[in-house]
Amino acid sequence: MGITFELKDKTALFAPYAFLSHAQSIQDDEIVFHYSFGVVRVTGQRLGEIFALAQKHELARVNCGRR
């Protein structure tokens, strides 16, 4: 299980939950995922639901750059 981060150009990164150290929600417009291999930042509006799903390990995909 993990999260697939997909960019607008269809580039994708699969990051297993096993490598996730922790995640930070910053002012409801940024989430910072800290993995053993690096950091993934997600910015946008109303990210509370994404953060809540990540906490329960139920987040499977984040489509970045889409509205």
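1. This note concerns a predicted model, and it opens with Lys56, which counts as exposed because its relative accessibility, at 51%, falls above the cut-off of 50%. The partner of Lys56 in a salt bridge is Glu58, and the closest N and O atoms of the two residues are 3.8 Å apart. Elsewhere, salt bridges with shared partners bring Glu6, Lys10 and Arg61 together in one network.

2. By the rule applied here, the model holds four salt bridges. Among them is the one in which the side chains of Arg61 and Glu6 meet, with an N to O distance of 2.7 Å. Arg61 belongs to strand 6 (residues 61-63) while Glu6 belongs to strand 1, so this pair ties together parts of the chain that are 55 residues apart in sequence. The two ends of the bridge may be described separately as regards solvent: Glu6 counts as buried because its relative accessibility is 11%, whereas Arg61, at 44%, counts as partly exposed.

3. Another of the salt bridges joins the side chains of Arg41 and Glu30, with 3.0 Å from N to O. Since Arg41 lies in strand 5 and Glu30 in strand 4, the pair ties together parts that are 11 residues apart in sequence. Here Arg41 is exposed, having a relative accessible area of 56%, while Glu30 counts as buried at 17% relative accessibility. The side chains of Glu30 and Arg41 are also listed as making a polar contact, at 3.0 Å. As general background to these pairs, side chains of opposite charge can pair when their charged atoms come close.

4. Turning to the sheet, three strands form an open sheet in the order 3-4-5, and their pairing is antiparallel. Strand 3 (20-26) and strand 5 (38-43) stand at the edges, and because each has a single partner strand, one side of each is left without a neighbour in the sheet. From one strand to the next, the twist averages 15 degrees. In general terms, the strands of a sheet pair through backbone hydrogen bonds, in either a parallel or an antiparallel manner.

5. Within that sheet, strand 3 pairs with strand 4 (residues 30-35) in the antiparallel sense, and the pairing runs over six bridges. His22, which is found in strand 3, has His34 in strand 4 as its bridge partner. The accessibility of His22 is 38%, so this residue counts as partly exposed. A further relation in space concerns His22 and Gln55, which are 33 residues apart in sequence and, computed from C-alpha to C-alpha in the model, 9.1 Å apart in space.

6. A second antiparallel pairing is that of strand 1 and strand 2, which extends over five bridges. In this pairing Phe5 has Leu13, in strand 2, as its bridge partner. The two strands form a hairpin with five residues between them, and in the turn Lys10 has a positive phi of about 75 degrees.

7. The loop between strand 1 (2-6) and strand 2 (12-16) also contains Asp9. With a relative accessibility of 55%, Asp9 counts as exposed. The side chain of Asp9 makes a polar contact with that of Thr11, at 2.7 Å. Asp9 and Ala23 are 14 residues apart in sequence, and their C-alpha atoms are 25 Å apart in space.

8. The last point concerns the nonpolar surface, where Leu13, Phe19 and Phe37 make a patch of about 270 Å². Leu13 is thus named twice in this note, as a member of the patch and as the bridge partner of Phe5. Phe37 lies in the loop between strand 4 and strand 5, and its relative accessibility of 44% means that Phe37 counts as partly exposed.

Notes:
Residues numbered from 1 in each chain as written. Predicted model: local features only at pLDDT ≥ 70, side-chain atom pairs only at ≥ 80, totals over all residues. Heavy atoms only, no water. Helix = DSSP H or I, 4+ residues; strand = E, 2+ residues; numbered from the N terminus. Buried < 20%, exposed > 50% of the residue type's maximum accessible area, 1.4 Å probe, protein only. Polar contact = N/O pair within 3.5 Å; in protein donor to acceptor, adjacent residues only side chain to side chain. Pairing = 2+ DSSP bridges. Axes fitted to C-alpha atoms, helices over the stretch in contact; angles between N-to-C directions. Patch = residues over 30% accessible without salt bridge, like charges linked within 9 Å, V, L, I, M, F, W, Y side chains within 5 Å. Areas by Shrake-Rupley, 256 points an atom, 1.4 Å probe, with all protein chains shown as cover.
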